[in-house]
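Me: I am new to this structure and should like to go through it in a few questions. May we begin with the pairing of strands and then turn to the ligand?

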Amino acid sequence: MKLSRILLVLVLALAGGGLAGAPSVAAPGHRVSYDKHSLMVDGRRVLVQAAEFHYFRLPSPDLWRDILEKEKAAGFNAVSVYFDWAYHSPAPGVYDFTGVRDVDRLLRTAEQAGLYVIARPGPYINAETTGGGFPGWLKLVPGRARSSAPGYTAAYRDWLGHINPIIARHQVTRGGPVLLYNVENEYAVNTDPAYMQDLQDTARAHGIDVPITTNLCCDAASWTSTWASGPGAVQIPGVDDYPQSFDCGNAATVWGPWGAGITERVRDDAPVFAAEYQAGAIDVNNAGYEACRELTGVAYTRYFQKSNLIAGGATAFSYYMGFGGTNWGWLAQPNDTYTSYDYGAAITEGRQLTAKYDEYKRQGYFLHAVAGSLTRTDPAPAPTAAGLETLARANPDDGTQFVLVRNPGTAAVSSTLQWGRYALPVTLLGRDAKVLTGGYRQFAASTSEILTHETIGGRDIAVLYGNEGTPGATVLRYPSRPRVTVLDGRVTSAFDATHGDLRLDYTHTGPARVLIEGGGHRPLLLMLGTAEAAASFWRADTSAGPVLVRGTALLRSATATPGSVALRADTAAAGPVEVFTAGRAVTVNGERVASRPTPSGSLLGHLPGPRPVALPALTGWRGHAEAPEAAPGFDDSRWTVAAKTTSLSPFAPITLPVLFSDEYGFHTGSVWYRGRFTATGAETSVSLNAITGRRGNYLVWLNGRYLGSAAGGVQADSDAPANPAPGPGTFGVPPGLLEPGKPAVLSVLVQNMGHNDDWTADDNRFRQPRGLVGARIDGSAAPVTWRLQGTAAIDPARGALNNGGLYGERAGWSLPGYADRGWPPAGSTVPAGVTWLRTAFRLDLPHGQDTSVALRFPGTPPAGYRAIVYLNGWQLGQYGAAIGPQTDFVLPAGLLRQDGRNTLAIAVIATTPSTVTTPSLTVVGRHRGGVPVRDVPAAVSPLRAAVT
Ligand code: IPT
């Protein structure tokens, strides 16, 4: 066999079920190994600094690059990714990996951004996504999910048979980015080791050869297995820590209610891996994500993460979430989240960087600088400081010491750190922590933290920082007396020739610069400043070594060209840019920047900011009443007849037939029911019961007369004691509405909100039904014939989770191509029931600029109705008091035509006659730069006449 043929066979074998995409088999592979200290690639120790990112929550593939570049720019070297089975599989045996689901492209983008990937294909992922990643159709597959039951086994092996080959061809071992493979998710109760083992055996059979990990949460006492030994054991068990809980509403006072947040060592022969370290929160109490960002803000991020690093000794960690994104369509698991999955993360749902991002960057750059030493440390005796806690680790090979100094109290503490022969002033704010480095290169000890330390153009450049106004002292070792020049600010220096100690004393304030030359080391430029000033620096690697940039809102990448450095950077405003480079010229986003050399040996130039943006007012709304299904004469003859008498759900139907919508293949969003019976005239009321998940409801009509609505039932377990499941509703029959002997029709519209998760691995939550679970006509024994209707043909681009079964959704009213010219102008009020509103607007956003746009509803969400929002047919929001506090809905570029015509459609589902407010467009962020974003292609009209 010729080599090319062998390669071809190999490629085909790796590609599995005929999947598209370029395998990276041509790239040289690398060896991945690990010991108790760290992971290693080709024998070189790697500190894995990951942030969690869910591609399925950002349905615009060009923007994946934006987020991944932002993570990389904060110093992350890895991204952790769940792969959501439900997102790819609308039906058994049907899988889609194209368009917004092109995970091969995602993995290529991660590689281009220079990030490793921790691949987490479940099959169970939790993640507040519908079914915890389980497709709705899995409810019809026999056998307990997350066990080795045959039905479930066949189903998940099919999923893995599709996703694993894609992941496998992007492994580090084949020259790609995938460094770790995570099986299952917090599989800690009701465990089945044979299943856990099979997931791994299956992965190996599919070519996964990187180390396998899993994530356990959060309290070791509750684990039935640590997966450290025996059947089902993984190589590198990881631990999830959420020390701040999810009580965003009490952000101002909460401090570590869920423990110290120190990741436990699970295996002695594997590194400590913080698989999910809290970096935000789900908004379980509807406090809004800004409150969640505060709950997990800069103070938390400093204190807990630094503690974890030194006390826990983690050398691999992933922050959940780095960027949360959007639960567009019916992606949300209904109990814990609504449309926005912003998560209070460091990067907002609108892709903007926050103060927390700055803190990640400070820590990330530090870890990048010291990774060589920090990846092999043991606990060590710590220097002491009265009134403060200290803990240390040291590298036995190079002697570097890492000292955690923290202040658990709420008041600032000023003390003296006794560090060997040095007595150094140190001040910590309340609930503050520092990781100080000693014995590292020429740094003997310091009470400033290191941001970065690079060698650029033959000199060392280091940035050190502390909180504004606090004292700092740094001792540097020199074989002989160096020349010290204070270029800027106030710094005193003293050289102790006996020990070769150069001591610098200063206050962390407006930046100081010190140039140290001679003395037996390369020249060193030290920049000393505040934490905020430190965050204004960016670093990037080029083939000619690193560059350091002060200024700009984001440095995306740098490329060395002969004599020059080319930067890709975003600016939020016009302002200075200072570049530390061996090159003599700078371009930014392809344009030459006029610059002059500075006394610090850098180049100083000026960059323009973004152009102003004018967004159009949203006017010209047209409206149309919907819900013909409520009318007695509506033709439902082609609807599915509900005739089942059994189901796999542990929930027993209250009445027969079984009306659970999943049983009839309707897994997503709104479902209509019509029950026909012959009236007797003795009917008194209609007793219904529906389970929708939290935030759902149902509306009821009898012979076309609206009877009212009720809240749907929620999770049937102790998670929601205040909301006993299911969701009963009794509706009186108006006198005279039903005529004896005449046909009557009961019409019910149920808002199913997505599927529960299955974190207890017992089927109880996950297999909870959706839709009607009981229906009785009180006062009558007449038989009722039930039919139901849900989502029409699946939209190939937008997927199975985009639409439910509203009449308008089925008829294409949500789509840009729908001819609404005959619709009258929308009024400001709507009756109870369903009404659609539509308008269109043109955008002509500045090119070469990233404008993040959102739709903003005025005031607090309404109680009388909910609104489902579609931008160009993509369902991007659900708004209403019953749903959550959200009033701003991000419209991601790519779905939003930045240069062209856009269509907005809103389905208003009113439980009571209501005055409706329409939204306006608002700018969330504006940056010159950004990444090019193309329109995401999708059909503008329904594929076929789906309405029946
Ligand atoms: C953790 C899950 O692993 C993750 O999928 C997500 O659900 C997260 O919770 C909350 O957003 S573990 C949980 C028990 C804290």
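Reply: Certainly. This is a predicted model. Strand 40, which spans residues 685–691, pairs with strand 43 in the antiparallel sense over six bridges.

Me: Which residue of strand 43 is the bridge partner of Ala690?

Reply: Strands of a sheet pair through backbone hydrogen bonds, either parallel or antiparallel. Here strand 40 and strand 43 pair in the antiparallel sense. In strand 43, the bridge partner of Ala690 is Gly727.

Me: Which strands stand at the edges of the sheet?

Reply: The open sheet has three strands in the order 43-40-45, with antiparallel pairing. Strand 43 (727–732) and strand 45 (771–778) each have a single partner strand, so one side of each is left without a neighbour in the sheet. The strands at the edges are therefore strand 43 and strand 45.

Me: By how many degrees are neighbouring strands of this sheet turned against each other on average?

Reply: The sheet in question has the order 43-40-45. With direction ignored, the average turn between its neighbouring strands is 15°.

Me: What share of the ligand's accessible area does the protein cover?

Reply: Among the 17 residues around the ligand, Tyr82, Asn126, Glu128, Glu186 and Tyr343 come nearest. A polar side-chain atom of Asn126 lies 2.7 Å from an oxygen atom of the ligand, and for a polar side-chain atom of Tyr343 the distance to a ligand oxygen is 2.5 Å. On its own the ligand has 390 Å² of accessible area, and the share covered by the protein is 88%.

Definitions and conventions: Residues are numbered from 1 along each chain as its sequence is written. This is a predicted model: local features need pLDDT of at least 70, side-chain atom pairs count only at pLDDT 80 or more; totals for chains, interfaces and linings use all residues. Side-chain values use heavy atoms; hydrogens and water are left out. A residue is near a molecule or strand if one of its heavy atoms lies within 4 Å of it. A polar contact is a pair of N or O atoms within 3.5 Å; within protein, one must be able to donate a hydrogen and the other to accept it, and residues adjacent in sequence count only if both atoms are side-chain atoms. Accessible areas come from the Shrake-Rupley method with a 1.4 Å probe; for residues, only the protein chains shown count as cover. Two strands pair if DSSP finds at least two bridges between them. Helices (H or I, at least four residues) and strands (E, at least two) are DSSP runs, numbered from the N terminus. Axes are lines fitted to C-alpha atoms, for helices over the stretch in contact, and angles run from 0 to 180 degrees between N-to-C directions.
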